[in-house]
Amino acid sequence: MIPYTVNIKLAARTLTGTLNLQNKTAVDWGVQGLIAQGCHSSILIIDPKTAQTIQVLERHKANVVKVKWSRENYYHNISSPYCLRLASGDASGKIIVWDVVSGTAHCEIQEHSKPIQDMEWLWNQDASRDLLLAVHPPNYIVLWNGDTGTKLWKKSYAENILSFSFDPFDASNMALLTSEGIVFITDFTHSKPPGSAGKKVYIASPHASPAHTKPTPAAAPAPTGAKKALNKVKVLITNEKPTAEAVTLNDCLQLSYLPSKRNHMLLLYPREILILDLELSQTVGVVAIERSGVPFIQVIPCSQRDALYCLHENGCITLRVCRSTSVPDEAADPEQNVQELVYDLRSQCDAIRVTKTVRPYRMVICPVNENKAALMVSDGRVMLWELKGHTGRAAANPSSGLSPLYSPVAFCGAPLGPNQKRIQDLCLNSMIGQTLIAGETLPPSSYQQEVQLKFLLTGLLSGLPLPPFAIRMCPPLTTKNINHYQPLLAVGTSNGSVLVYNLTSGLLHKELSVHSCEVRGIEWVSLTSFLSFATSSPNNMGLVRNELQHVDLPTGRCFAFRGERGNDEPPIEMIKVSHLKQYLVVVFRDRPLELWDIRTGTLLREMAKNFPTVTALEWSPSHNLKSLKKKQIAAREAIARQTVSDAEQSSVESSVISLLQDAESKAETSQAISAREHFVFTDTDGQVYHITVEGNTVKDGARIPPDGSMGSIACIAWKGDTLVLGDVDGNLNFWDLKARLSRGIPTHRGWVKKIRFAPGKGNQKLLVMYTDGAEVWDSKEVQMVSSMRFGRNVNYRILDIDWCTSDKVTLASDDGCIRVLEMAMKSASYRMDEQDLTDPVWCPYLLLPRAALTLKAFLLLQPWSGTFTMDITQVDYTEKVEIKGLIQEQLNSLSNDMKSVLQDPELSLLQRCLLVSRLFGDESDLHFWTVASHYLQSFAQARQLSVKEGGEESQTSPQIHLDICHDVLCENSYFQLKTLIYEETSLVDDTTEPRLL
């Protein structure tokens with residue numbers, strides 16, 4: 001017979017929980033399509049499309065405060081491949097640059113010991129894509145080489161720097177938000193530090209500005225509506241430091257350049273967003289919240305459209321889109337003639353229930369498509385929202401005053417063909433048409449459709465609740481349960497619920513509300529059921545309410561195992577289930593233990609009052625079940641043989657007898673065979689007692705006097721012929737029962753809290769938990785294998801321990817995480833491309849460089865065939881089968897809608913190039929093909945118009961300009977028109993004429 005093995009190998013992973021307050025700003029959504037989030041000292045890598053945590057990075061010793069994905073704004077080839085690179089900064093001032101695929105640190109950077117305030121990868125040219133700019137408190141900006149960890153230059157400023165923002169239109173311009181104002185830098189370069197200290201400006205108080213102090217002429221009508229609201233919050237940028245009474249930037253939450261238009265910046269305050277025109281040095285727009293409204297936390301400006309994603313204190317995300325206004329009256333006061341940028345509320349998602357411990361932290365949006373948002377909540381939840389567009393007219397509401405939004409009937413930069421397939425809501429600029437500028441006419445309905453926007457919750461990741469935890473792994477894999485085994489971990493929580501995780505996928509299998517108070521311990525009684533106990537807070541007499549529940553996983557049924565018992569009694573200290581899952585011992589603090597039959601749920605024995613106080617207890621792995629089975633089978637065989645004559649006996653097939661034996665052996669459980677089992681316990685003096693249980697019979701066995709070298713025994717573990725005792729002084733005593741030898745080892749680690757043997761026949765590894773960490777010992781060799789200590793190599797304390805498999809341990813810690821680690825108890829990071837995920841993840845960055853470029857070329861061009869295919873395994877080219885298989889896995893992970901569009905013969909090459917660049921998150925390609933596709937379409941349209949006869953009416957669609965975020969690449973006509981209107985609305989007065997810039 002050929003032997004076979006089962007690969008039940010579990011990946012090292014971390015189950016995360018609630019966030020630390022310092023993690024509030026540690027989140028980023030990269031162009032690579034993944035979200036990075038700091039959770040205490042770990043970093044989660046989340047795939048928003050499938051709502052899966054696909055990597056956890058662990059190396060920081062302090063809480064992570066900032067994370068930033070590298071940019072992909074460069075030409076990709078085999079020497080400059082696609083890569084998942086992430087920078088993270090912690091509260092101790094350390095910056096780590098990660099290779100996320102392998103889970104290893106590329107380099108580590110340390111300048112000071114204070115939390116990193118802000119950081120950003122440079123993006124403006126190929127040569128600087130490895131450069132990382134960071135703010136080191138209190139007032140330094142340092143440029144690092146993120147590839148080597150080398151410091152290139154360092155610059156200090158007079159004020160404390162809170163954050164910075166680069167001008168997306170000019171990489172030499174950046175703004176620093178300081179504790180007193182804004183510092184504008186106009187000579188930033190990667191080759192040397194800025195030469196000057198920058199231009200320092202202040203924000204004057206709204207009530208101190210000339211707009212408010214200037215008397216209103218008697219003949220002039222009072223401003224109303226939007227102008228009145230704008231004047232109330234109008235501020236001026238000044239070079240003079242405001243007075244002490246003036247409102248400064250102390251309550252400014254955020255500063256950011258607008259990526260949708262040049263020379264504009266936003267300042268975020270709790271109750272208003274100010275839009276500054278840096279050429280006019282004045283506010284040109286405001287988004288103010290009503291008195292009863294919910295304050296802002298964060299705002300993210302979009303580049304594809306002049307729109308703002310706003311996060312409010314109740315967890316609501318709102319989308320506000322800028323609308324244009326007509327040219328103001330030239331006879332009006334020039335102070336009132338500043339161009340107003342009005343941002344209309346177009347959509348909002350549902351709020352969350354905010355409590356003292358549950359509040360929104362941060363929001364990120366997809367930088368490629370800008371139509372998806374992720375909300376990070378303090379309890380560890382990640383809510384994934386997607387903006388959806390619905391064509392059709394909205395219900396008439398004249399009081400709203402909102403002009404309709406239009407969605408272009410186009411796909412990937414080209415008009416949609418009559419039979420062409422498209423992806424609804426691909427990106428923001430395909431959902432919302434270009435905002436009309438003053439003087440333009442409404443586009444015909446045949447070219448644009450009116451659209452309504454709304455948020456849809458498409459994914460939710462939930463974390464563990466607040467610690468403490470009690471964890472217990474289900475019974476180990478054996479040859480008998482191999483066909484239906486699942487590696488389930490039960491986690492008892494502080495709120496009384498029990499979470500059951502499948503460690504193959506790391507996903508929550510079931511959440512059961514079992515208790516009304518904190519769960520203290522869990523013991524499995526089968527692969528699908530467990531016992532858990534919880535104790536309430538003690539009353540004045542020191543008595544509690546004990547809850548001992550039996551839970552059946554498939555049905556979720558729970559019942560009180562001890563019936564009506566449990567009120568006003570000493571707290572349960574521990575429960576121990578025998579190896580055959582027949583008996584249960586319940587140990588109380590100041591009361592004799594109880595012995596129960598698990599199969600019948602009956603109390604076998606409640607020990608006498610003079611029974612010794614139990615400090616530690618463990619069941620023996622030895623029993624007489626095998627001998628009982630042999631006796632029972634032999635007796636039944638004898639009965640079966642006696643029922644037939646000697647002549648008939650020879651005709652009975654041996655197979656029939658063997659089948660009878662199998663049936664009888666399988667029916668043993670129903671016949672309630674009671675095997676004899678043993679347990680040992682120690683009292684306060686260290687004396688060891690031996691108790692035998694068989695059916696309803698309980699017998700007292702031998703007693704072993706205390707060992708003088710041991711203190712009070714705190715825990716016992718027993719496997720095979722090895723018994724290990726741990727005491728409150730940190731001593732381990734290894735007993736070899738067969739050789740009748742004992743050996744004491746002082747660990748000098750303090751109180752031994754728990755001891756557990758690893759599963760597996762002959763596996764003598766031992767996991768030991770102390771107050772300051774954990775160790776793995778080899779009980780056969782009596783030597784330590786690995787160690788983990790709080791403050792030395794980890795920054796968290798261990799709350800509970802257990803074995804997952806024969807070579808992996810699981811640790812619950814006070815940072816709210818549960819880690820599955822190798823026996824060496826090092827980092828839980830792993831290679832992402834070796835991870836066995838529940839849902840396949842589209843991420844070409846996981847592939848080898850050659851494979852990623854092959855995949856891109858395969859999606860762009862297939863000249864060998866008249867039709868596109870999504871099966872690369874049939875293509876004949878020189879490549880390893882394993883690489884082809886990985887590429888095919890990526891192709892299979894694409895959505896059905898995406899596959900359908902890519903195989904559509906109506907999809908032009910330009911549209912395909914633009915779509916693939918979006919799929920890859922390739923910034924360089926995306927910018928190039930967006931501009932190229934637009935102008936190629938424009939030239940083709942102009943050529944069609946030129947060949948038409950003079951008298952024939954044109955049926956073609958009106959010319960659509962390039963999005964203004966492309967700035968100098970836009971058409972001259974559109975750029976001049978925008979400039980003209982800008983001049984008229986911002987500079988005109990009674991004595992001057994409009995002029996072009």
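**Exercise 1. Work out how strand 59 and strand 60 pair, and place them in their sheet.**

*Solution.* Start with the pair itself. In this predicted model, strand 59 (residues 808-813) and strand 60 (residues 818-822) are joined by 5 bridges and run antiparallel. To pin the pairing down, take A812: its bridge partner in strand 60 is I818.

Now zoom out. The open sheet has 4 strands in the order 1-60-59-58, with antiparallel pairing. Look at the two ends of that order: strand 1 (13-15) and strand 58 (798-805) are the edges, and each has a single partner strand, so one side of each has no neighbour in the sheet. Finally, check the twist: on average, neighbouring strands here are turned by 20 degrees against each other, direction ignored.

As background, strands of a sheet pair through backbone hydrogen bonds, and the pairing can be parallel or antiparallel.

**Exercise 2. Follow the chain from strand 7 through strand 8 to strand 9, and find which turn residues have a positive phi.**

*Solution.* Take one hairpin at a time.

- Step one: strand 7 (residues 85-90) runs antiparallel to strand 8 (residues 94-99), with 5 bridges joining them. L86 has W98 in strand 8 as its bridge partner.
- Step two: this hairpin leaves 3 residues between its strands, and G93 in the turn has a positive phi of about 90 degrees.
- Step three: move on to strand 9 (residues 104-110), which is also antiparallel to strand 8 and is joined to it by 6 bridges. Here K94 has Q110 in strand 9 as its bridge partner.
- Step four: the hairpin of strand 8 and strand 9 has 4 residues between the strands, and G103 takes a positive phi near 75 degrees.

So there's your answer: G93 in one hairpin and G103 in the other.

**Exercise 3. Decide whether strand 5 is largely enclosed or not, and describe its hairpin with strand 4.**

*Solution.* Count the buried residues, where buried means under 20% relative accessible area. In strand 5 (residues 52-58), 6 of the 7 residues are buried, so the rest of the structure largely encloses this strand.

Next, the pairing. Strand 4 (residues 42-47) is joined to strand 5 by 6 bridges, and the two run antiparallel. S42 finds its bridge partner, E58, in strand 5. Between the strands of this hairpin lie 4 residues, and A51 takes a positive phi near 55 degrees.

**Exercise 4. Find the residues with the most contacts inside the largest nonpolar core, then explore the surroundings of I45.**

*Solution.* The largest nonpolar core has 71 residues. Those with the most contacts inside it are I43, I45, L84, L86, V100, L859 and L915. Pick I45 and skip its neighbours within four places in sequence: its contacts then include L34, W69, L86 and V100, along with Q52, T53, I54, Q55 and L57. There's also a second, separate core of 30 residues, with L10, C474, A490 and W524 among them.

A general point helps here: in soluble globular proteins, nonpolar side chains tend to be buried together.

**Exercise 5. Compare how helix 10 packs with helix 11 and with helix 7.**

*Solution.* Begin with helix 11. Helix 10 (residues 909-920) and helix 11 (residues 923-947) pack at an angle of about 160 degrees, and their axes are 9 Å apart. That makes the two roughly antiparallel. Their crossing is left-handed. On the helix 10 side, L910, C913, L914, S917 and R918 take part, meeting residues of helix 11 that include L926, W929 and L936.

Now turn to helix 7 (residues 849-860). Its axis comes within 9 Å of that of helix 10, and the two cross at roughly 150 degrees. Helix 7 and helix 10 are therefore roughly antiparallel as well. This time the crossing is right-handed. A852, L855, K856, L859 and L860 in helix 7 meet L909, R912, C913, V916 and F920 in helix 10.

One residue to spot is C913, listed in the meeting with helix 11 and again in the meeting with helix 7.

**Exercise 6. Locate L527 and list its contacts beyond its neighbours within four places in sequence.**

*Solution.* L527 sits in the loop between strand 38 (519-526) and strand 39 (529-535). Its contacts are C474, P475, N481, H484, Y485 and L488, leaving aside neighbours within four places in sequence. For a distance check, use P487: 40 residues separate it from L527 in sequence, and the C-alpha to C-alpha distance is 9.2 Å.

Key:
Residues numbered from 1 in each chain as written. Predicted model: local features only at pLDDT ≥ 70, side-chain atom pairs only at ≥ 80, totals over all residues. Heavy atoms only, no water. Pairing = 2+ DSSP bridges. Core = buried A, V, L, I, M, F, W, Y, C linked by side-chain atoms within 4.5 Å. Buried < 20%, exposed > 50% of the residue type's maximum accessible area, 1.4 Å probe, protein only. Contact = heavy atoms within 4.5 Å. Axes fitted to C-alpha atoms, helices over the stretch in contact; angles between N-to-C directions. Parallel < 35°, antiparallel > 145°, perpendicular 65-115°, else oblique. Left-handed = near helix turned anticlockwise from the far one by under 90°.
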